[in-house]
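Work through the exercises below with the sequence and the structure at hand. Each task is followed by a solution in steps.

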Amino acid sequence: MPVDILISSRRARRKRLILKAVFFLLGFLIFTAGIAALFYIPKFRINEISVQGIEALDEKQFKGEIANLLNGKLHRIIPYNNIFIIPTAKITVELLQKFSILKRIIVIRDFSQKLSVEIEERKPEAIWCHGEFPSDSNLETLTSTL
């Protein structure tokens with residue numbers, strides 16, 4: 001029985017191509033997993049949040065909101081509480097939206113596992129009354145009782 005050299009050559013070439021593709025894919029996955037693992041090293045994680053300039057806000061609630069924002073993950077893999085990829089712009093925007101008393105926020109990452117947040121609060125200049133004004137008859141009774 002004659003052996004067709006072309007058919008066996010194509011099979012061998014296809015096998016080599018599949019093996020190269022599998023090795024390349026495995027190498028890429030191992031490399032990607034190694035890079036992702038670097039972001040989970042405890043030395044590069046945020047352990048402390050400090051806030052300067054807080055006056056009217058509850059500091060515990062404010063720090064809790066920052067910690068909540070840092071609990072997320074980038075692309076569902078890399079944690080936001082890594083010192084290298086802290087989403088400072090996202091933190092600033094979210095806090096300005098959540099706390100309307102804030103005028104300015106500066107987020108500073110210290111490479112000693114610390115996140116510093118400097119804030120400036122708005123100063124109250126007037127009192128805003130929400131609701132209905134008392135009618136004239138109610139106003140007279142209110143002033144007479146005082």
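Lys123 has a relative accessible area of 55% and is therefore exposed (buried is under 20%, exposed over 50%, partly exposed in between, with a 1.4 Å probe and protein chains only). The model is predicted: local features need pLDDT of at least 70, side-chain atom pairs count only at pLDDT 80 or more, and totals for chains, interfaces and linings use all residues. Residues are numbered from 1 along each chain as its sequence is written, and side-chain values use heavy atoms, with hydrogens and water left out.

**Exercise 1.** Find the salt-bridge partner of Lys123 and place both residues.

Solution.
- A salt bridge needs a side-chain nitrogen of Lys or Arg within 4 Å of a carboxyl oxygen of Asp or Glu.
- Glu55 and Lys123 meet this at 3.3 Å, N to O.
- Glu55 lies in the loop between β1 (48-52) and α2 (59-70), and Lys123 in the loop between β5 (114-121) and α4 (136-145), 68 residues apart. Helices (H or I, at least four residues) and strands (E, at least two) are DSSP runs, numbered from the N terminus.
- Glu55 is exposed too, at 59%.

**Exercise 2.** Explain how Glu59 and Lys63 are spaced in helix α2.

Solution.
- Their side chains form a salt bridge at 3.5 Å, N to O.
- The two are separated by about one helical turn because they are 4 residues apart in the helix.
- Glu59 is partly exposed at 34%, and Lys63 is partly exposed at 28%.

**Exercise 3.** Describe the salt bridge between Arg104 and Glu120.

Solution.
- The N to O distance is 3.0 Å.
- Arg104 is in strand β4 (residues 102-110) and Glu120 in strand β5, 16 residues apart.
- Salt bridges with shared partners join Lys103, Arg104 and Glu120 into one network.
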